Amino acid sequence: MKIRTYVLIASVAFLGISAGSKQAKLTEGVNPGDLAPRIESLGNESNFNFQNHSGRYTLLNFWAAYDAESRVRNVLLSNEINKLGSDKIAMYSVSLDEKSSVFMETVKADKLDLSTQFHDELGKASEVYRKYNLKKGFKNFLIDDKGVIIAANVTPEKLTEVLKKI
C-alpha cells in the first residue's frame, strides 16, 4: 500500500511539473531552433529585433572585405534577395571591417544597397562577433518572423529552396 501511495504522489508531482513546462521559453543562441541574439546599435542608431510577426523572414549575413568568400556570398545573396522581392524576406548584412572607409568602398564597388548594409567597426572585438560565434568564420542566418533561426550558412540556392517550402 505504501508503494502505491508513493507512486501516486510521484505521478501527480510529475504531472504538475510537466504541465508548467508548456510556457518554456526559447533560448538565445546561433543554432537552428534558437532565438536569434538581438543586435543593438552599430553606430547608425539601428537595432535588429527579429520578432516582427509579419510573416516576413530575415536573412542576417556577416562579412568582411578581407574575407573573399564572405564578400562574394554577400553579393550573391543580395542579388538573390532582390530577385525574390521584399515581401517574403529582408536581408541585413553586417560588415566586420574595422575601417569605415574599407566598408564604404567595398559597398560601392560591389554595388550593394547601403540601406541593407551595416558596419561594426569593432570587428572581431565586437559584441556581435561574440554573440553570433563568428570565430570559426563568417556565417549567415535565416530567421523567421518570431525571431527563431531556421537555417544557418544559407547559400543562394538553398535560400530559394527554403523559401519555396514556406
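The chain folds into 5 helices and 7 strands. Read from the N terminus, these elements follow one another as α-β-β-β-α-β-α-β-α-β-β-α. The model is a predicted one, and its confidence deserves attention before any detail is discussed. The mean pLDDT of the chain is 84, and 79% of the residues reach a score of at least 70. Among the elements, the lowest mean pLDDT, 59, belongs to helix 1 (residues 2-20), whereas the highest, 96, belongs to helix 3 (residues 100-109). Where pLDDT is low, the coordinates of a prediction should not be read in detail.

Some overall values describe the chain as a whole. Its length is 166 residues, of which 42% count as buried. Of the contacts with a separation of 6 or more, 64% join residues 24 or more positions apart. The accessible surface amounts to about 10200 Å², and carbon and sulfur atoms contribute 54% of that area.

The description now turns to the sheet. It is an open sheet of 5 strands with mixed pairing, arranged in the order 5-4-3-6-7. Its edges are formed by strand 5 (117-119) and strand 7 (149-152); each of these has a single partner strand, so one side of each is left without a neighbour in the sheet. From one strand to the next, the twist averages 20 degrees. At the end of the order where strand 7 lies, strand 6 (residues 140-143) pairs with strand 7 in the antiparallel sense over 3 bridges. Within this part of the sheet, F141 is placed opposite A152 of strand 7.

Towards the other edge, helix 3 lies across strand 3 (57-63), strand 4 (89-95) and strand 5. The angle between helix 3 and strand 5 is about 165 degrees. Helix 3 is also the element with the highest mean pLDDT in the chain.

Charged side chains provide a further view of the model. Side chains of opposite charge can pair when their charged atoms come close. A search of the whole structure finds 7 salt bridges, including the three pairs described here. In one of them, R38 is joined to E40, with 3.7 Å between the closest N and O atoms. R38 is partly exposed at a relative accessible area of 34%, while E40, at 53%, counts as exposed.

A second pair lies in helix 2 (residues 68-84), where E80 and K83 are 3 residues apart, about one turn of the helix. The closest N and O atoms of this salt bridge between E80 and K83 are 3.5 Å apart. The two partners differ in their surroundings: E80 is buried, with a relative accessible area of 14%, but K83 is exposed, with 66% relative accessibility.

The third pair belongs to helix 4 (residues 127-131), in which E127 and K131 are 4 residues apart, again about one turn of the helix. Their salt bridge has its closest N and O atoms 3.5 Å apart. Here both partners are partly exposed, K131 with a relative accessible area of 24% and E127 with a relative accessibility of 47%. The pairing of E127 and K131 is part of a wider arrangement, since a network of salt bridges links E127, R130 and K131.

Technical notes: Residues are numbered from 1 along each chain as its sequence is written. This is a predicted model: local features need pLDDT of at least 70, side-chain atom pairs count only at pLDDT 80 or more; totals for chains, interfaces and linings use all residues. Side-chain values use heavy atoms; hydrogens and water are left out. Helices (H or I, at least four residues) and strands (E, at least two) are DSSP runs, numbered from the N terminus. Buried means under 20% relative accessible area, exposed over 50%, partly exposed in between (1.4 Å probe, protein chains only). Contact means heavy atoms within 4.5 Å. Accessible areas come from the Shrake-Rupley method with a 1.4 Å probe; for residues, only the protein chains shown count as cover. pLDDT is the predictor's confidence in each residue, from 0 to 100. A salt bridge is a side-chain nitrogen of Lys or Arg within 4 Å of a carboxyl oxygen of Asp or Glu. Two strands pair if DSSP finds at least two bridges between them. Axes are lines fitted to C-alpha atoms, for helices over the stretch in contact, and angles run from 0 to 180 degrees between N-to-C directions.
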